[in-house]
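Me: Got a model open here and I'd like to talk through a few bits of it. Mind if I fire off questions?

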Amino acid sequence: FEKIVLCSIPQLRRFLLSPSRAQLKRSHYIFRFQVPRWAEKRLPKNDFAWMREQLFKRWSPTYDFSEAELAPILKNFSEPARLKAAIDYYRALPALIVNLRQVRSALRAISVPTLMIHGSEDGCAGSEMFQNQEKRFKADYELVEAPGMGHFLQYENPQWFAEQIIRYFAKT
């Protein structure tokens with residue numbers, strides 16, 4: 001890769017090895033997802049009420065998702081294989097820590113120029129998680145905070161989000 005863009009998630013080493021107390025509270029869903037079949041049973045209940053109320057509203061508290069925006073997302077998650085694939089990402093995190101080879105790979109500094117974008121009001125990954133990460137990047141690193149936005153920047157302000165990415169990739 002020549003460049004990468006990370007959106008709404010801190011560098012993995014920061015997230016796994018030095019989360020803030022507030023971040024641990026925000027990340028409670030990861031612990032719940034470790035319980036076998038909990039997510040598969042709980043998430044689809046009542047037309048995905050938990051996702052609507054606990055995920056979308058908390059993660060992007062300043063944005064009101066329309067039913068038209070939520071419909072394709074929830075339709076995808078209504079397919080069991082797709083829901084399982086999404087949950088399996090979180091279920092794989094604990095196993096990552098016990099595999100030395102994977103740990104080394106996942107936690108090493110990123111050696112590709114990186115643009116990291118996050119929302120100031122993100123209820124999933126707090127602003128404090130994005131601070132002081134420069135040492136985790138060996139190449140050019142740029143951090144951009146989206147004022148007044150939450151976790152789902154591509155929905156909240158797609159024009160601004162696209163402009164940030166285009167600007168970054170246009171830089172030489």
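Me: What span should the 13 residues of helix α10 have at 1.5 Å a residue, and how far apart are its end C-alpha atoms?
Reply: The expected span of α10 (residues 158-170) is 18 Å, and its end C-alpha atoms sit 18 Å apart, which agrees. That expectation is 1.5 Å times one less than the number of residues. Helices here are DSSP runs of H or I with at least four residues, strands are E runs with at least two, and both are numbered from the N terminus.

Me: Before we go on, what are the ground rules for this model?
Reply: The model is predicted, so local features need pLDDT of at least 70 and side-chain atom pairs count only at pLDDT 80 or more, while totals for chains, interfaces and linings use all residues. Residues are numbered from 1 along each chain as its sequence is written, and side-chain values use heavy atoms, leaving out hydrogens and water.

Me: OK, back to the helix. Which residues of α10 are buried?
Reply: W160, F161, Q164 and Y168. Buried means under 20% relative accessible area, exposed over 50%, partly exposed in between (1.4 Å probe, protein chains only). Down the axis of α10, the buried residues fall within an arc of 105 degrees, so they line one face. The arc is taken from the directions from the helix axis to the C-beta atoms.

Me: And which ones are exposed on the other side?
Reply: Q159, I166 and A170.

Me: What covers the buried residues of α10?
Reply: The cover includes β1 (4-7), β2 (114-119), β3 (141-146) and α9 (153-156). Contact means heavy atoms within 4.5 Å.

Me: How are the three strands arranged?
Reply: They make an open sheet in the order β1-β2-β3, with parallel pairing. β1 and β3 are the edge strands, each pairing on one side only. Strands pair if DSSP finds at least two bridges between them; β1 and β2 have four. V5 stands opposite L115 in β2.

Me: What angle does α10 make with β2?
Reply: About 165 degrees between their directions, with α10 packed on the sheet and touching β1, β2 and β3. Axes are lines fitted to C-alpha atoms, for helices over the stretch in contact, and angles run from 0 to 180 degrees between N-to-C directions.

Me: Switching topic: how many disulfides are there?
Reply: Zero in the whole structure, counting cysteine sulfur atoms within 2.5 Å as a disulfide.

Me: Why is C7 not bonded to C124?
Reply: Their sulfurs are 11 Å apart, too far for a bond, and C124 has the closest cysteine sulfur to C7.

Me: Is C124 buried or exposed?
Reply: Buried, at 5% relative accessibility. C7 is partly exposed, at 26%.
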